[in-house]
Amino acid sequence: MTGMVDWNFAVTLGAKVAGDGPEVSPEDAAAAVAELRAGADRSTALVRDFTGLVAQDNNAPVLVVDRRGWVQANADGFAKIIEPLIEKLAAKKGVPTGLSLAIGSRVTGAEVGLLLGFLGTKVLGQFDPFHDPSGRLLLVAPNIVHVERELSADPTDFRLWVCLHEETHRVQFTAVPWMRDHLFAEMMSLTDSIEPSHLAEDALRRVSEAIRGSGGSLVDMMSTPEQREIMDRITGVMSLLEGHADVVMDGVGPSVIPSVESIRASFNERRKGIGTLDRVLRRLLGLDAKMAQYRDGAAFVNHVVGKVGMEQFNAVWAGPENLPSKAEIGDPDAWITRVL
């Protein structure tokens, strides 16, 4: 069924759009890869000691990749997540075949490729929870080198700082084994609720609105009550995960990263986006909302930990019923009242 998206073309185009990244000598590239691997290994114990979360050993490998490797990994992930939607579309009357299918899959592959190509220049690291059997951590070496140069950051400090954030995500999913299946089930519920006939019209409208600055993101096309309810649950989970990782990197950072304050200040400025095109794409792809997830999630974690301590905060990982809703992210006392 995935013939309706030309994934190979998507990866080829995405890699071309992303490019190779900054010029780095073979020796410096090898040193960066080694330092990132060491930083990820070191971060495991730092995250465990700060959070009390114990990740399983020999679980969810750490991969240091180039931009093409990140594009390929995310194309694989996209294919897995949207396969049910593709099957639903294929079951509709009048599905194209032959030449029409080939052309359509190429066009769709181009759209996915352009998206991945843009994101492939931005992402520093990512935990991929849906890669079998238990996820994998991707560290995008060219982007990390590019940003550390852009910020004039100390490379060793910056690389460990990134590793702390991304390793926290790896620990979240490996120390809390139900999280992976829960998030995947929510994604499948969302995919299941989408009517294929509305996709093209809504996507075109959202693109137009985003360019004019009058609309939201493509995510906002989820407009039915059921879809909004699922999106609110997913937003609550993602805000928790992103905010928790930010709190960990800021909590651990000062003890092991001498220049952490200047890195954080510079990085926060960078998160705002640079240039008109960048801002439009961020709005269209929902990246502005993702920045809010970092802020709101971190405020939630800091408030709860400050009030009841890390040990009681960790009740959030006990089961899906203890996860904060989107509303509780903005009202942490309501979560404390409900759960503790």
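Does Ser152 count as exposed or buried, and at what relative accessibility? At 67% relative accessibility, Ser152 counts as exposed, where exposed means over 50% relative accessible area, buried under 20% and partly exposed in between, with a 1.4 Å probe and protein chains only.

The model is predicted: local features need pLDDT of at least 70, side-chain atom pairs count only at pLDDT 80 or more, and totals for chains, interfaces and linings use all residues. Residues are numbered from 1 along each chain as its sequence is written, and side-chain values use heavy atoms, with hydrogens and water left out.

The secondary structure comes to 15 helices and 3 strands; helices (H or I, at least four residues) and strands (E, at least two) are DSSP runs numbered from the N terminus. Of the 340 residues in the protein, 49% are buried. About 16200 Å² is exposed by the protein, and carbon and sulfur atoms supply 56% of this area; the areas come from the Shrake-Rupley method with a 1.4 Å probe, and for residues only the protein chains shown count as cover. Among contacts (heavy atoms within 4.5 Å) with a separation of 6 or more, 81% are between residues 24 or more positions apart.

Two backbone features were examined. Most residues other than glycine have a negative phi, and most peptide bonds are trans. Ser152, in the loop between α5 (141-150) and α6 (155-175), has a positive phi near 55 degrees. A cis peptide bond, with omega of about 5 degrees, joins Asp132 and Pro133. Pro133 is placed in the loop between β2 (125-128) and β3 (136-140).

Helix α5, just before Ser152, is mostly covered, with 7 of its 10 residues buried. These are Ala141, Pro142, Asn143, Ile144, Val145, Val147 and Glu148. Two of the residues named here recur in the surroundings of Gly21, which is found in the loop between α1 (7-18) and α2 (26-51). Gly21 touches Pro142 as well as Arg67, not counting residues up to four places away in sequence. Gly21 and Val145 are 124 residues apart in sequence, and their C-alpha atoms are 8.7 Å apart in space. Gly21 itself is partly exposed, with a relative accessible area of 33%.

Helix α6 packs against α9 at an angle of about 135 degrees, with the axes 9 Å apart; axes are lines fitted to C-alpha atoms, for helices over the stretch in contact, and angles run from 0 to 180 degrees between N-to-C directions. α6 is therefore oblique to α9, given that angles under 35 degrees count as roughly parallel, over 145 as roughly antiparallel, 65 to 115 as roughly perpendicular and the rest as oblique. By class, the contact has 10 nonpolar, 6 polar and 3 charged residues; Ala, Val, Leu, Ile, Met, Phe, Trp, Tyr, Cys and Pro count as nonpolar, Asp, Glu, Lys and Arg as charged, and the others, Gly among them, as polar. The α6 side includes Leu160, Trp161, His165 and Phe173, and the α9 side includes Leu241, His244, Val248 and Met249.

Ser239 is also found in α9 (residues 225-256). Ser239 is buried, with a relative accessible area of 5%. Apart from neighbours within four places in sequence, Ser239 is in contact with His244, Gln293, Gly297 and Ile329. His244 also belongs to the α9 residues that meet α6.
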